[in-house]
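User: Please take a close look at one part of this model, the salt bridges. Which residues take part, and how exposed are they?

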Amino acid sequence: MFLISSILTKRILQTTTCLMLISCIMISCSEDSSENSQNVRYVKKLNVIIPDLLIGDETTTMSVVRENSSLQLLPRTNDSIGVFPDDDFQIGLSMTNGEGFKRALSGGKSLILKDSATYSAYYPYVSQFDLDKSNIPMRMNEQTQNGNGSSDHIGYMAAINAKADEEECVTFTFQHLTGVLHLQFVMPNAANIRKVLLLSNGSFTTEAILNLRDSTITAKNTSTVQALNLRNVSVEKDQELELYLNILPVDLSGKNVHAKIYDDNGICYTATWEGKDYKAGTLYKVEKNAEVDAAMNSGLPIVFIDTPNNTNIESKTEWMEGTSISIIDTDGTMDYSSNHLQIRGRGNSTWEFPKKPYALKLDNKAEILGMPKHKRWCLLANWMDRTLMRNDVSFQIARQTGLAWTPRGQFVEVVLNGSHIGNYYLCEQIRAGKD
């Protein structure tokens, strides 16, 4: 009861404080309005210009998202842009039915117009009252496509330092912040598709910060994997799966990009192509036949490892740095990803066999596939064990007999530098601990 009472008291105090603050603001605004209403001018009209997307490296252009026109003409019903006056809170302007600006500026009292005032805008709108103009989040893995071939989710744009003209109109000339991948995969089976993962030994920027003061983008998180969630996407046998994906600029020239396509039955399909130097404001078209991925359909998690320049791992003593690793669980979710893996060979006689075992060292301790945090891991090849099960069975027996510590492990499929190298046993490395 005391805890509930404390929470209620805190909520009441917070509500009271907010009401007092709002009252003060309203009084202040009222006084300011009454004193200065004759001198204050307001923006009467907003106009938005959106450039076309270049097609690949060609000089022709194509609008896959919208016409070269005012954003008022967007066909989507829930589109909004965020507008920041000079060093002030943002205003979210809804584009519902193309009436957003008219409603937002009804009465001409939404944006105060000053001679030296500038206005900046961005899209898509982030609904946060106290959003920092220099800290606008861009999350690439939160993209969701609704329907096969739909491009409604496409477009990250910004315009800065726009001023009003003589007619008190502010025109935002947007610039694209991302490139667009237009993926067309012919599917071998009828399926309901729910997710697509792009994998590469390059670094996708999956989370970034937009600074609307100077239109710069700072990477906050990078990964070897970028995801696209799908809703209401179904295909028939030999039908084309058509996808659109925003991608922040990244140079993947000379690197392979692998698409892993998951359906509702857990079946994974794959398609591979050579990456490019993906730039903002450009559309890149990829047409491939998707195939059922045998490695991805074993019912086991998948470990993707890519070494720098696809270099072979030949040493048991020297760590190879700058290696990337991505672990995809059986349901297609990302379990772990890092661009700072260290890897080397391991074993004695086992290192001489065709199927090599490996030692892994993470940059920080991490939970992997439900196992406790650990920094050192092993990939056991089990080359001499045709059942592939002896190590795991031994660990299970040791655990049941109550030994003080027994390594935990999981069977996985390993893809090294784009090639499936087989079934491995991923387990904690046996090491002498501090205690």
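Analyst: What follows covers the salt bridges and then a nonpolar surface patch. The model is predicted, and five salt bridges are found in the structure. In general terms, side chains of opposite charge can pair when their charged atoms come close.

Arg139, Glu142, Glu207 and Lys220 are joined in a network of salt bridges. Within this network, Glu142 pairs with Arg139, and the closest N and O atoms are 3.9 Å apart. Glu142 has a relative accessible area of 55%, so the residue counts as exposed, while Arg139 is partly exposed at 35%. Another pair in the structure is Lys220 with Glu207, where the closest N and O atoms are 3.8 Å apart. Because Lys220 belongs to strand 16 (residues 216-235) and Glu207 to strand 15 (residues 191-211), this pair ties together parts that are 13 residues apart in sequence. Lys220 is exposed, with 57% relative accessibility, whereas Glu207 is partly exposed at 22%.

A further salt bridge links Asp385 to Arg390, with 3.8 Å between the closest N and O atoms. Asp385 has a relative accessible area of 5%; buried means under 20%, so Asp385 is buried. Its partner Arg390 has 52% relative accessibility and therefore counts as exposed.

Turning to the nonpolar patch, Met389 sits in the loop between strand 28 (371-380) and helix 3 (390-400). Met389 is partly exposed, at 46% relative accessibility. Together with Val393 and Ile397, Met389 forms a nonpolar surface patch with about 270 Å² of accessible area.

Methods:
Residues numbered from 1 in each chain as written. Predicted model: local features only at pLDDT ≥ 70, side-chain atom pairs only at ≥ 80, totals over all residues. Heavy atoms only, no water. Patch = residues over 30% accessible without salt bridge, like charges linked within 9 Å, V, L, I, M, F, W, Y side chains within 5 Å. Areas by Shrake-Rupley, 256 points an atom, 1.4 Å probe, with all protein chains shown as cover. Salt bridge = Lys/Arg side-chain N within 4 Å of Asp/Glu carboxyl O. Helix = DSSP H or I, 4+ residues; strand = E, 2+ residues; numbered from the N terminus. Buried < 20%, exposed > 50% of the residue type's maximum accessible area, 1.4 Å probe, protein only.
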